[in-house]
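Here are some worked exercises to try with the model open beside you. Have a go at each task before reading its solution.

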Amino acid sequence: ESQRTAFLLCKQWTLYSVTPLYKFSSALLKDYAKLLSASIAAEKQKGLAVEVGVELDIKAVISILPDLRHSDRDQAAILVQLSTRSSFSKKNSAEKLIWSGWFCCVSEDDLSENLLEDFTCLPLFLANGAETYTSIVGSWFQKTFDCCFRRLTISPLNLSWMAAMWTGCKVDKTTSATELVFSVSCLPYPLDISYAIHTEDAKALWDTVQKTPGEITQEEVDIFMDCLYSHFHRHFKIHLSTMRLVKVSTAIASAHCDGSVKFLQSQYLTGVLMLLTELALSQIQ
Amino acid sequence: FQTYFKNSEGPWKAAIDALRRRNQENSLGLQPLLLGTAQPQSRKRKWNAQLVIPASSTNRNSLEKNKEKGCVDLYSTSVSFPVEQLQTFPQLLQNIHRLEFPSQMGSVLTNPLLLHYMNCMKDESVYLRLYYWMSQTLQEECTWCVADNSQCEEEFKDFLETVYKAECFLQEGFSSCEEFLYKSLPLWDGQSCRSQVLKLVSWISLRSFSEMKSQLCDPLAQLFFTSSIYFKCSVLESLKELLQNSLIWHMVHLDSEADSQAHSLNTTLSGLVNVVAELIRFVGWISTVALRLEKNSTFLLYFILDFYETVCDMYLKYNLPLLIMPPAGVFYPALLSMDSVTLNQLCYIMYRYRTNLVAAKENERSKKKILQFKFSSQTYQEYNQYIIAMVGCLWTSSAFQKDNHPQGLGMDDELLKKTGVQEYKTSFNIVYHPAMMGYALCFLQQAWPDDTTFNFSLIKGRNWYLEYLYAQGLEGLKVFIESSINRVSQAS
């Protein structure tokens, strides 16, 4: 199972929230892919090609990712991939994947029960690749299924939740450290402070803070962050609590406040997606 | 030991910067436009921003049809009429049975024909599509909620204007717009897109408004008290429109609900009555404070009394069983204003109150069954107290003796003697009222052109002086005097 989603790991995904798609049918994915390819070809003719020089055919493939859901009630994730094939050599040329994006919905609640029949709820969209392709694909979906894409930014509050939640996850090999990046804005030049902690130490700290396994309260997250801040202050006399948390990297995933994530462990993929789906839904509500 | 402000709220900092920039621009005055540098930086248009959408037909539905039927039936009449070709109203009527909605519902906002169609069809999914698109676009492009958007105010202003025009066309508000207002009014600075925001407030649906105080009244009050007189007047006008729109909706739907269960009608009616009462009391409160802040400005009084002109006629004109008198903080400044326009307006309003109260009493007496709503005796008492003051001011010169309202005109003889006015017991009536003195002067000039002493006591007989006043266009005064004052003496 984790093999099928392995290609999602270790890539930078830009996050969007998407309103429900109207009259989207997972039975017609091949036809949608044809229409999308035609739309991309039309855009290229208008002069929006990214690659200069070699004439490249861009082919779109839309498929289902069946594993990314919490329960069977969740809508199956939809994957869109754009690949190029040089038009000179026909059959044997390798297809190069230039862009991928996927819609998913991982939620504890049954979102479809409140929704009308013709609507498909896939509130989270993740894109990897050039922005021009994201805009072409996104615009096509907006025009065809009457939905709205919005960049999903992550507030420092949510980032600190992610730091606490992800630190608490058990991982076998701890190659990476837990890192928090803060941005200092009152200076005339931009300055980032990176605060790295050994994963075991961070987890040990979190384990002392968290009272009930499986439950996390705002108070516990605040205590966790305060401990980290005071430790830093003891050594460097800098109050990190006055600065803006912009990036969180842990062993299982990393997230940036601009709205981009990287998944590092497939066993926690659905867990992280559940949190991101919740953020996306709050932006649509 | 230094403490810094936590810099986690980006919008605040951006808002302060924008305000600083705006103030700098205002204070520097006119600057010579230098070529190239004066151009505003056009921000790179986001690909997902859709403020204006041209209507275009769906193309994917043809996929489904092909799959089902196997081939296109050339002779079938079920081919849909392409939306792009819809230009005139007759076309809409001819093709209404085979017209499909455009692929993006947002395009109906700028297309009156499609708005007509949407109004006819009453399709849930259509409303939901429009709801999602509008709520996302409003939130995304809001110039005061999102830090980066403050440069694009013109575009957002046009968008809000489009939404408002569509609401006026449909004579109904959009729920996505309402929710946007609840979320954004607490953050609003009262400047960005001011007239558009206030116009959109007037289409809020009062009948389903449960949190009016926290979502509308509190944010508006904050801005209201700290703003210019023009803003205050704009808010009052907007709240008047809000009241009128809700009353008109109630009246229109009352006819259509006449056959429905009496019980459900009464519960929705009492809900509406409560919300409307809350709104009117809110306006009464802010008007009282505003009049003190603006020193009883005539301009402000005009808008306040305009609001009460709608309030006084709610029973007869809109069939809503509710009557609320203006607070003393509005009534007395109006009664004692220096302006005849205000006084005239007040007279008209008091006349309409009387008409409504009389009609209500009549209905009470004549109907056999007990009405669920009837005006309380307290309402009648309030009215009577005001009338005593008004008649005292305009007719019997007895305002100072008879008016016992706690915020009224009652004054001791001792205090009146100190004013030094001769014959104070007969010196405050329609002739001597400061608002009406101008007319008295003109009258004396016309009647006795050579007399320069301006002896007001010459205006004794009331009848012909009243005719003179009515001829000056004081319609409100006319109806008030004719209805409320029983003239005992028929002076010459």
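**Exercise 1: the partners of β1(A)**

A:T14 has A:A127 as its bridge partner in β7(A). This is a predicted model, in which local features need pLDDT of at least 70 and side-chain atom pairs count only at pLDDT 80 or more, while totals for chains, interfaces and linings use all residues. Residues are numbered from 1 along each chain as its sequence is written, chains are lettered from A and ligands numbered from 1 in the order in which they are written, and side-chain values use heavy atoms, with hydrogens and water left out.

*Task.* Find which strands β1(A) is joined to, and say how many bridges join each.

*Solution.* Step 1: begin with β7(A), which runs antiparallel to β1(A) and is joined to it by four bridges. Two strands count as paired if DSSP finds at least two bridges between them; strands (E, at least two residues) and helices (H or I, at least four) are DSSP runs, numbered from the N terminus.

Step 2: turn to β8(A), also antiparallel to β1(A), with three bridges. Here A:S17 faces A:R150.

Step 3: add strand β13 (residues 260-263) of chain A, which pairs with β1(A) in the antiparallel sense over three bridges. A:W13 has A:V261 as its bridge partner there.

Step 4: look at the burial of β1(A). Five of its seven residues are buried, so β1(A) is largely enclosed by the rest of the structure. Buried means under 20% relative accessible area, exposed over 50%, and partly exposed in between (1.4 Å probe, protein chains only).

**Exercise 2: β5(A) and its neighbour**

*Task.* Why is strand β5 (residues 96-104) of chain A described as largely enclosed?

*Solution.* Step 1: count the buried residues. Seven of the nine residues of β5(A) are buried, so the rest of the structure largely encloses this strand.

Step 2: identify a pairing. β5(A) runs antiparallel to strand β7 (residues 124-129) of chain A, and six bridges join them.

Step 3: pick out a residue pair. A:G101 stands opposite A:A127 in β7(A); A:A127 is also the bridge partner of A:T14.

**Exercise 3: two aromatic pairs**

*Task.* Work out what the pair A:Y16 and A:F149 ties together, then turn to a pair in chain B.

*Solution.* Step 1: start with the search of the whole structure, which finds 48 aromatic pairs over all chains. Rings of Phe, Tyr and Trp (its six-membered ring) pair if their centres lie within 6.5 Å; planes under 30 degrees apart count as stacked, over 60 as edge-to-face and the rest as tilted.

Step 2: check the geometry. A:Y16 and A:F149 are edge-to-face, at 6.3 Å centre to centre and 75° between the planes.

Step 3: place the rings. A:Y16 belongs to strand β1 (residues 12-18) of chain A and A:F149 to strand β8 (residues 149-151) of chain A, so the pair ties together parts 133 residues apart in sequence. Both A:Y16 and A:F149 are buried.

Step 4: move to chain B. B:F225 and B:W285 form an edge-to-face pair, 5.3 Å centre to centre with 80° between the planes. The pair links helix α9 (residues 212-225) of chain B, which holds B:F225, with helix α11 (residues 262-293) of chain B, which holds B:W285, 60 residues apart. B:F225 is partly exposed at 24% relative accessibility, and B:W285 is partly exposed at 46%.

**Exercise 4: the setting of A:T134**

*Task.* Is A:T134 buried or exposed, and which residues is A:T134 in contact with, leaving aside its neighbours within four places in sequence?

*Solution.* Step 1: locate A:T134 in helix α2 (residues 131-145) of chain A.

Step 2: read its accessibility. A:T134 is buried, with a relative accessible area of 3%.

Step 3: list the contacts (heavy atoms within 4.5 Å). Beyond neighbours within four places in sequence, A:T134 touches A:Y16, A:W99, A:F125, A:A127, A:G129 and B:W47.

Step 4: compare with the aromatic cluster. Ring pairs link a set of residues that includes A:Y16, A:W99, A:F125 and B:W47.

**Exercise 5: a cysteine in chain B**

*Task.* Where does B:C177 lie, and which residues is B:C177 in contact with, apart from neighbours within four places in sequence?

*Solution.* Step 1: find B:C177 in helix α7 (residues 175-184) of chain B. Chain B has 21 helices and zero strands.

Step 2: note that B:C177 is buried, with a relative accessible area of 1%.

Step 3: with those neighbours set aside, the contacts of B:C177 are B:L138, B:V163, B:E167 and B:L200.
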